[in-house]
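Here are a few exercises to work through at your own pace. Have a look at the model first, then try each task before reading its solution.

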Amino acid sequence: MKVTVCAASLFTLSLVAAPVLRAQSAAESQVERGKYLVGITGCHDCHSPKIPGGMKPDPERILSGRPQTTKVPSAGAGEVHASEDFTAFTGGWGSTVASNLTPDPATGLGMRYNEAKFLKTMRTGMKPEGVPVMPPMPVDVYVNMKDDDLKAIFAYLKTVKPIRNAVRAGIAPPAPAKK
């Protein structure tokens, strides 16, 4: 009799727990997909400060954007200049710094993005405050991504360690887009 009760209890438990486990698994799967996409699309190339002397992202500052200690490169006619850590750039479009993609509520994505605004930015190349996403960000690549992939990227970005880093500190704000 104990075997029957235990088997029945396990069966009942599996019926109750299965939807929860599937939902958790789907969310974890979306985050893992987002992490994979962030890795293969080169987000760390510009948005993660590097360990000095190379291009390996600093694991303590993943996706936190341009450090305030990184100087914006000088301009050169017909040239693109990058900072040594590859988080600040100057070219024919002007100067650009890599955004803080961590979920920090004051300086990162948590400050002005939800999933819908993130998708709209990636689709239009315009940030929520009306400022265009500037080179070297490959907006033309992201506009072609499926919504599920962009949602997975956003889901992953919400899970990284929030890092307080005002990437534009000490430099002039970008001009709003011309209408």
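**Exercise 1. Place Thr96 in this predicted model and describe its surroundings.**

Solution. Start with the secondary structure: Thr96 belongs to strand E3. Next, check how much of the residue is covered. Its relative accessible area is 11%, and buried means under 20%, so Thr96 counts as buried.

Then list the neighbours, leaving out residues up to four places away in sequence: Thr96 touches Thr87, Ala88, Phe89, Met134 and Pro135. For Pro135 there is a further detail, as its backbone oxygen lies 2.9 Å from a polar atom of the Thr96 side chain.

**Exercise 2. Work out how strand E3 is joined to strand E2.**

Solution. Begin with the ranges: E2 covers residues 88-91 and E3 covers residues 94-97. The two strands run antiparallel, and four bridges join them. Now pick out individual partners. Phe89 is bridged to Thr96 in E3, while Thr90 has Ser95 as its bridge partner there. Finally, look at the connection along the chain: a hairpin of two residues leads from E2 to E3.

As background, strands of a sheet pair through backbone hydrogen bonds, either parallel or antiparallel.

**Exercise 3. Put the strands in order and explain which ones stand at the edges.**

Solution. The sheet is open, has three strands in the order E1-E2-E3, and its pairing is antiparallel. Strand E1 (81-82) and E3 each have a single partner strand, so one side of each is left without a neighbour in the sheet. These two are therefore the edge strands.

**Exercise 4. Describe the aromatic pairs: how many does the count come to?**

Solution. The count comes to three aromatic pairs. One of them is formed by Phe86 and Phe89, with 5.0 Å centre to centre and 85° between the planes, an edge-to-face arrangement. Compare the cover of the two residues: Phe86 is partly exposed, with a relative accessible area of 30%, whereas Phe89 is buried, at 3%.

Move on to Phe118 and Phe154. Their ring centres are 5.1 Å apart and the planes stand at 35°, so this pair is tilted. Because Phe118 lies in helix H3 (residues 115-124) and Phe154 in helix H5, the pair ties together parts that are 36 residues apart in sequence. Both of these residues are buried. To finish, bring in Tyr113: ring pairs link Tyr113, Phe118 and Phe154 into a cluster.

**Exercise 5. Is helix H5 mostly covered or mostly uncovered?**

Solution. H5 spans residues 147-157, and eight of its eleven residues are buried. The buried ones are Asp149, Leu150, Ala152, Ile153, Phe154, Ala155, Tyr156 and Leu157. The helix is thus mostly covered. Notice that Phe154, from the tilted pair, is in this list.

**Exercise 6. Step back and summarise the chain.**

Solution. Count the elements: there are five helices and three strands. Along the sequence they follow the pattern α-α-β-β-β-α-α-α. For burial, 33% of the 179 residues count as buried. The chain exposes about 10900 Å², with carbon and sulfur atoms supplying 62% of that area. Lastly, consider contacts with a separation of 6 or more: 54% of them are accounted for by residues 24 or more positions apart.

Technical notes. Residues are numbered from 1 along each chain as its sequence is written. This is a predicted model: local features need pLDDT of at least 70, side-chain atom pairs count only at pLDDT 80 or more; totals for chains, interfaces and linings use all residues. Side-chain values use heavy atoms; hydrogens and water are left out. Buried means under 20% relative accessible area, exposed over 50%, partly exposed in between (1.4 Å probe, protein chains only). Two strands pair if DSSP finds at least two bridges between them. Contact means heavy atoms within 4.5 Å. Accessible areas come from the Shrake-Rupley method with a 1.4 Å probe; for residues, only the protein chains shown count as cover. Rings of Phe, Tyr and Trp (its six-membered ring) pair if their centres lie within 6.5 Å; planes under 30 degrees apart count as stacked, over 60 as edge-to-face and the rest as tilted. A polar contact is a pair of N or O atoms within 3.5 Å; within protein, one must be able to donate a hydrogen and the other to accept it, and residues adjacent in sequence count only if both atoms are side-chain atoms.
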